[in-house]
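Dear colleague,

Please find the structure below, handed over for your study. My notes on it follow directly after.

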Amino acid sequence: MPATPSYLTRSTSTPFASPGGSYGYRSTEDESIVLEIGARYLRGGFSGEPQPRCTLAFPPDEQRRVGDYRAFMPTHAFRERRDTGPWGEDHELWKMDLRGQDLGLVQDKLERALRKAYNEHFLLDKPRKVLLSVQTGLSRPLLETVLSVLFGSFMVPVVTLMSPAVLVTAAAGLRSGLVMDIGWAETTITAVYEFREVKMRRTIRAGKLLSRDMGKMLEHEWEQHNAQSGSLREAEDTHVTFDQADEVLCRMGWCMSMEEAASRSKQDDASSNTEADTPISIPLSRSSPFSRVSIPFSKFALPVETALFSTGTPPHELDAHDQPLPILAYTILQSLPVAPRDICMARLVFTGGCAHIPGLKTRLTEEIHTLVRDRGWDAVRQYPPKITPRQRSEAPKQRSDAPTAAQQSVSDEQANGENGALGTAELRDSLPEVGAPPSSSLGSERPHATLAAEAKRERIAEKDGPVKGVVRGVESLGAWAGGSLMGTLRTGGRVEIEREKFMREGLGNGAGVWG
Amino acid sequence: MAQSFPYTYYSCPCYDASGAIPTSIAAKRASQLSAGSAQDDDEDEQTFDPQSSRANYSLFPIEHLLYCADCKQIRCPRCVTEEVLCWFCPSCQLEAGSSAVRGDGNRCQRNCLNCPVCIAPMQVSSLKPSVPNYQLSDEEARGSDGPWILQCLYCQWTSLDIGVHFEKISGIAKQLLDIKNGGELVPPQRERDKDRKLKIDLLDKRRHPDDYRPEERPKADEGKHLQADDAAPTEPVDFDEQYANLLAFYRSQLSREKSSNDHSRHSKYLSRLLSATGRARSNDTKARTMTEARNVDEGLTLVSSKFEALKIQRMKEGGWENTVDATQRLRQINPTVRFSSELRPLPTHLRTKRTKRCRQCRQILSRPENKVVSHRYKIKLLALNQIPRLSIRALAAPPLPFPGASLAPGITPFKYDSLSPFSTTQYLLTLTNPLFDPIKVTLATPSMTSGRIQSKITVLCPQFDVGANTDVWDEALGSGSARRGDAVAPGGPGAQAQAEAGKVWDKGRNWTSVILEVVPGRFVPKDDKTSAPEQDGGVDDDEDYLRSKGLREDEDVLEIPIFVRIEYETESTAVEDRERGTALSASLGNARGDSRGDAGKGKERREEAFWCVLGVGRIALG
Ligand SMILES: [Zn+2]
Ligand SMILES: [Zn+2]
Ligand SMILES: [Zn+2]
Ligand SMILES: [Zn+2]
């Protein structure tokens with residue numbers, strides 16, 4: 001958008017100012033190519049560099065014939081194209097479900113994207129090794145397709161496979177953590193302990209569902225807007241395409257804090273308090289690109305509520321595959337042995353495209369914290385009898401030298417029960433403080449900050465041991481950066497696949513590559 | 001619209017049977033395919049479907065195709081391998097050395113930058129208003145007319161939008177590396193690295209004083225502030241900074257690992273990092289006491305609710321226009337930027353000149369001249385010199401004197417964009433032979449197009465000969481046939497000549513035209529039961545939600561798949577000589593054309609076959 005007020009009045013200094021350039025490109029001869037391939041994006045670059053050289057999507061406009069330049073035509077810019085297939089499908093490299101998947105088409109799309117990466121961004125004079133991060137659950141035929149493109153079309157001598165969850169953990173500076181990868185078709189939550197994936201669960205509450213809910217919201221608002229602004233435009237086609245919904249999600253999607261969400265659900269939805277709701281004017285119309293629709297800012301947070309937290313859906317209607325994110329995270333933590341659980345709960349790591357939605361990381365941390373506080377870890381064991389939240393809050397504070405019932409139960413199972421129970425007890429101790437009502441203004445600290453302070457205090461008490469037993473969110477640079485770090489550090493112990501061998505016998509018929 | 005009608009695309013056969021896929025996988029895939037759907041027994045004879053999703057990847061305009069003389073095959077961009085000859089900046093046309101290339105991220109380090117908003121090249125302008133349209137001419141001006149800014153001449157974005165200006169006029173891209181948005185200078189990398197190393201060393205000494213000799217141990221209060229292990233960030237996470245911190249942290253861990261022996265508690269925990277299986281030796285308990293990053297300096301950063309809330313606040317206050325769109329974001333060097341104030345001008349991507357080789361036999365197919373400014377090729381084996389060119393136009397369309405010429409006034413052009421359903425339209429299909437030998441052509445099309453709109457296709461004369469591409473003078477001197485197609489008076493070509501089955505329409509020196517009859521079908525929208533999709537908010541109704549019932553994009557385009565087979569006899573050596581300008585090689589054995597029935601010495605029978613797609617127009621709806 002052209003924005004040319006006088007430069008003298010421009011406000012330029014912001015706390016978000018991006019860094020001055022990069023910390024130097026390091027791609028010497030022996031650095032490898034690092035690739036992270038997901039359903040929506042391919043990231044590629046060199047190990048030792050903080051950022052990938054390219055992030056490539058798979059939109060329909062990239063899938064056209066050579067010589068088809070319609071994507072560059074001015075008329076195309078207003079997105080007259082309507083979606084025809086299932087929501088977002090023509091933006092995917094692959095589906096996790098192999099049924100109805102044309103592997104040849106996956107190969108074609110991937111080959112084209114990689115060719116772009118190699119010819120426009122890598123500009124190599126000779127083939128290099130590849131460190132490849134693909135989802136560990138990727139089906140074998142898809143993995144074979146990826147490898148055959150790398151080996152067959154790009155003459156890659158060796159491909160090293162790396163688990164994204166482990167890389168995300170490493171890119172957070174950690175060795176253990178609960179990695180929540182809020183991706184496209186599904187969210188994968190993996191408990192990583194000492195660089196091992198120890199537990200993994202999925203839910204379809206992820207980007208695809210989220211963008212679709214955003215589309216629904218936009219359509220609804222657009223219709224209302226037209227109804228209000230006169231009968232003339234009522235006939236206007238208010239179909240919201242995937243492109244539109246996806247873009248609005250990336251630019252305007254945000255996530256409420258627990259407190260905001262709670263206060264919102266209390267008040268009647270119809271009587272929206274407009275005075276706090278800044279209207280955001282966005283261009284939606286395809287026919288007249290300069291006409292805009294005004295939507296209250298708070299509405300852009302609603303899709304996250306419905307899609308990721310399943311607000312408005314009664315719990316009994318939820319299947320195993322569409323659990324809301326905090327519940328799923330809690331369930332995994334609950335199923336872990338005590339020691340890894342205490343470590344992991346203090347290391348919630350968020351990654352995936354949707355993790356960038358402002359407010360989401362904080363919210364998830366809050367939600368998981370609340371679940372842990374209210375339910376404890378007893379639900380799964382039922383012995384000794386479950387303590388209800390009310391009971392607990394009434395119970396007197398106990399120091400760790402006076403073990404609670406819950407502690408006893410866990411230490412039974414604990415092989416080397418040195419720390420786990422202690423951590424849990426300390427968490428309980430800290431609860432009343434954490435639950436204190438947070439300040440409501442957006443600019444101030446949210447409750448999570450108190451958690452961090454708590455963690456710090458506890459750390460000092462524990463004398464340099466790892467933080468555990470509290471709920472903390474940790475920032476990660478993501479799987480690509482993790483691969484880049486590991487690639488340049490050149491540490492051993494890896495799953496390597498050599499070109500010669502693969503071309504001869506494929507992946508072989510032995511055990512799965514992921515072990 | 002893709003290409004203006006009418007057009008011809010050529011299919012490269014590599015897409016399904018290249019050497020790219022190991023045979024084991026290819027076989028598996030084939031069996032999956034045939035199990036999945038009822039198909040013709042012989043896959044080679046399967047009709048090419050231009051509407052299939054994969055067709056987009058195997059169809060090319062003939063100008064984009066190369067030809068391997070050894071393999072006797074079309075080579076598309078997918079079935080060649082490439083080697084970089086040189087790197088250059090497309091903007092300043094200067095070559096970049098291969099070592100410089102790697103250090104600079106394959107981007108020009110001079111004054112070539114692109115607008116982060118619209119990607120147009122940016123101009124360096126002086127902030128002093130007295131110098132309009134600054135053009136650098138002499139050394140004096142360099143010093144005196146700064147400061148400088150980058151300015152997009154297309155969308156008016158300037159580097160002042162992000163608070164950045166430059167003191168010198170040279171090496172703008174390099175200068176940009178040292179300036180943050182807002183104008184603050186980045187401390188030199190060496191200083192940052194030194195600073196980081198000091199901190200990490202100190203932390204390590206404080207944590208493991210036993211590993212150090214007494215005189216190396218830190219004094220009591222030295223680095224006490226670092227001991228706080230504070231992972232709560234005091235400012236928003238800077239991606240590159242956190243990366244550098246992590247890298248330094250892991251390096252220090254690895255060096256500890258190396259320097260200490262196996263019995264130390266610093267066992268090889270990092271070496272397990274890369275193991276995808278992550279199978280750790282069960283007795284490896286030492287790793288449990290290993291350190292992880294514990295503060296911001298080491299790369300551990302806690303999620304900050306404060307900075308997330310600030311971001312939301314900014315979104316709310318700045319609105320839509322203050323955020324960047326997906327295209328702009330993905331072009332950025334940091335592809336996670338959100339606000340337009342975070343945009344950075346983009347140093348121009350370098351390009352390469354590349355040699356292309358046949359993937360099968362490594363033969364060089366194309367090699368540009370080394371000089372950056374030159375656009376010529378030392379070698380370029382174009383497919384259009386080896387395989388016949390198919391061109392098509394409506395018979396009723398007034399012929400143009402040359403491609404792209406405009407019609408004389410008063411003559412209505414043929415409306416390729418709205419073919420009327422059920423009315424027979426005749427097209428003139430012309431094959432032009434680039435070879436020096438006459439060819440025998442066999443054409444095959446399906447009688448009906450596939451898909452939801454079924455159009456009928458008939459080639460009136462599917463078998464014919466095309467003359468050799470002899471000297472132009474031969475035609476002028478020789479008899480030459482009547483050129484009916486072009487000779488007819490405008491307005492009524494069909495009236496004078498009747499198309500007859502089995503007869504060619506017209507013929508010239510090295511071209512032959514035949515008639516293709518097309519009866520476009522009609523699209524009948526199905527009255528499906530799901531006309532009112534339930535929008536119940538469930539999670540499984542993807543299939544219905546927001547799904548339009550109409551045509552898919554380009555489903556109304558009438559494209560005809562046509563299988564072209566040519567046969568000819570040639571002198572065994574002649575082709576090679578002409579094509580490569582080298583002495584005859586022993587490659588004849590590889591020739592795909594079999595050499596049966598070569599009665600005459602040195603004569604060889606060759607055969608070539610490929611699929612084409614003819615785009616003859618768009619069918620009118622209704
Ligand atoms: Zn070849
Ligand atoms: Zn090809
Ligand atoms: Zn340049
Ligand atoms: Zn611009």
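The zinc ion (ligand 2) is held by four protein donors, C12(B), C14(B), C76(B) and C79(B), each through its SG atom and lying 2.1 to 2.3 Å from the ion. Donors here are N, O and S atoms within 2.8 Å of the metal (3.2 Å for Na, K and Ca); water is not among the atoms, so sites may look incomplete. Along the chain, these donors follow the spacing C-x1-C-x61-C-x2-C. The pair C14(B) and C76(B) links distant parts of the chain, 62 residues apart: C14(B) is in helix α1 (residues 14-17), and C76(B) is in the loop between β4 (73-75) and β5 (80-88). Helices (H or I, at least four residues) and strands (E, at least two) are DSSP runs, numbered from the N terminus.

Please note that this is a predicted model, in which local features need pLDDT of at least 70 and side-chain atom pairs count only at pLDDT 80 or more, while totals for chains, interfaces and linings use all residues. Residues are numbered from 1 along each chain as its sequence is written, chains are lettered from A and ligands numbered from 1 in the order in which they are written, and side-chain values use heavy atoms, leaving out hydrogens and water.

Chain B also has an open sheet of 5 strands in the order β6-β5-β11-β12-β13, with antiparallel pairing. Two strands pair if DSSP finds at least two bridges between them. β6 (95-96) and β13 (377-380) of chain B stand at the edges with a single partner strand each, so one side of each has no neighbour in the sheet. Strands β11 (residues 351-358) and β12 (residues 364-368) of chain B pair over 2 bridges, and K356(B) stands opposite S366(B) in β12(B).

Yours sincerely
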